[in-house]
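The following exercises concern strand pairing, helix packing and the surroundings of one residue. Each task is followed by a solution in steps.

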Amino acid sequence: MDDAVARYVDASERNEIAAMVEVLAPDVELISPISGRMVFRGEGDVRHLLTAVYGSLKGLRWTQTLGEGSHRVAIGEARLLGVRSHRRDGLRASPDGRIRRIGPHLRPWLALTLFASSSGPKWVAAPG
């Protein structure tokens, strides 16, 4: 899990979506930070979402990774339309050590609102 998380956060800082997807389990799930109920499932839909999300962020830097076993939390910040966004991404591993579940949390409220309005139209049209 440590290797998958390290590769995931490194690739996300460089906005290299293909490298991020390489460490995801085929049945990966990403829980929407906007609704909390919407779940993106599978490599294709999650790739589409990651492309929309990470294309909107500027200066993403992860500062800390916490956890043990199959659970981690990556802590970082980025800018979105000029507003600083604080991120906490909960990551859960599959038995093979790849990332099986991603649960992003964004703060402050203004950043989450800007995120929804700027990236939402990009991923709403996803086929899945």
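**Exercise 1: the sheet**

Strand 1 (residues 24–31) pairs with strand 6 (residues 99–107) in the parallel sense, over three bridges. The model is predicted, so local features need pLDDT of at least 70 and side-chain atom pairs count only at pLDDT 80 or more, while totals for chains, interfaces and linings use all residues. Residues are numbered from 1 along each chain as its sequence is written, and side-chain values use heavy atoms, with hydrogens and water left out.

Task. Determine in which order the six strands form the sheet, and which strands stand at its edges.

Solution.
1. Strands (E, at least two residues) and helices (H or I, at least four) are DSSP runs, numbered from the N terminus; two strands pair if DSSP finds at least two bridges between them.
2. Within the pairing of strand 1 and strand 6, Leu 24 stands opposite Ile 99.
3. Strand 4 (residues 71–80) runs antiparallel to strand 3 (residues 58–68), with eight bridges, and antiparallel to strand 5 (residues 83–93), with 10 bridges.
4. The six strands form an open sheet of mixed pairing, in the order 2-1-6-5-4-3.
5. Strand 2 (39–41) and strand 3 each have a single partner strand, so these edge strands have one side without a neighbour in the sheet.

**Exercise 2: the hairpins**

Task. Identify which residue takes a positive phi in each of the two hairpins.

Solution.
1. In the hairpin of strand 3 and strand 4, two residues lie between the strands, and Gly 69 has a positive phi near 65 degrees. Here Glu 68 stands opposite His 71.
2. The hairpin of strand 4 and strand 5 also has two residues between its strands; Leu 81 takes a positive phi near 50 degrees. Across this pair of strands, Val 73 faces Gly 90.

**Exercise 3: Glu 29**

Task. Establish whether Glu 29 is buried or exposed, and which residues are in contact with it.

Solution.
1. Glu 29 is part of strand 1.
2. Its relative accessibility is 10%, so Glu 29 counts as buried (buried: under 20% relative accessible area; exposed: over 50%; partly exposed in between; 1.4 Å probe, protein chains only).
3. Leaving aside neighbours within four places in sequence, Glu 29 is in contact (heavy atoms within 4.5 Å) with Val 39, Phe 40, Arg 41, Arg 100, Arg 101 and Ile 102.
4. The side chains of Glu 29 and Arg 41 are joined by a polar contact of 3.1 Å. Such a contact is a pair of N or O atoms within 3.5 Å; within protein, one must be able to donate a hydrogen and the other to accept it, and residues adjacent in sequence count only if both atoms are side-chain atoms.
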